[in-house]
Amino acid sequence: MSRRDLIRMTDEEVSRYLDENKTLTIVSNGPDGHPHPMPMWFTRDDDGPIRMGTYRTSQKIKNIQRDPKVTLLCESGTEYAELRGVVIYGHAEILDDYDLVVDTMLRASGQADGLPEDAGQADAIREAMRGTASKRYVIRIRPERVVSWDHSKLGGTY
């Protein structure tokens, strides 16, 4: 078994790790060819896609409109034995859906249930977010390839 195989996370571990985190870095391809990394709050759909909201005029949106290939990085740890992370490769979709923007913003900010089922409460939240949500898109990435590592699996040996 290779060292790489020893530290790879299972699908369940990857899911749990992503669910434990709030921020990842999205890397899009900038206009001059340089990578454009930006930290983003995110949420995950039950069937795998990752969503985040961002302003319609952001550089990320311009980059994705030109080239939808993106890389996502979620990582943690300060000592070698603590290093954990997930890299996700995929193509980004830009979604112009007001309700999805609101839901994404709520979930990414830590309100895990998104919009409440009560129509009156949901409408009140939409109204409160109207000013900012109407200026945003949702970026959705369906993972095409995932690379992961968890150095704690090495048990302190290097």
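## Helix 2 and its two sides

In this predicted model, where local features need pLDDT of at least 70, side-chain atom pairs count only at pLDDT 80 or more, and totals for chains, interfaces and linings use all residues, helix 2 (residues 11-20) holds the buried residues Val14, Tyr17 and Leu18; buried means under 20% relative accessible area and exposed over 50%, with partly exposed in between (1.4 Å probe, protein chains only). Seen down the axis, the buried residues of helix 2 fall within an arc of 95 degrees, taken from the directions from the helix axis to the C-beta atoms, so they line one face of the helix. Glu12, Asp19 and Glu20, on the other side of helix 2, are exposed.

Helices (H or I, at least four residues) and strands (E, at least two) are DSSP runs, numbered from the N terminus. Residues are numbered from 1 along each chain as its sequence is written, and side-chain values use heavy atoms, with hydrogens and water left out. What covers the buried residues of helix 2 includes strand 3 (43-44), strand 5 (69-76), strand 6 (84-95) and strand 7 (136-150), where contact means heavy atoms within 4.5 Å.

## The nonpolar cores

A nonpolar core is a set of buried Ala, Val, Leu, Ile, Met, Phe, Trp, Tyr and Cys residues joined through side-chain atoms within 4.5 Å. The largest has 21 residues, and those with the most contacts inside it are Ile26, Met52, Leu72, Ile139 and Ile141. Helix 2 is among the elements that give two or more residues to this core, as are strand 1 (23-29) and strand 4 (50-55). A second, separate core of eight residues includes Leu95, Met105, Met129 and Val138.
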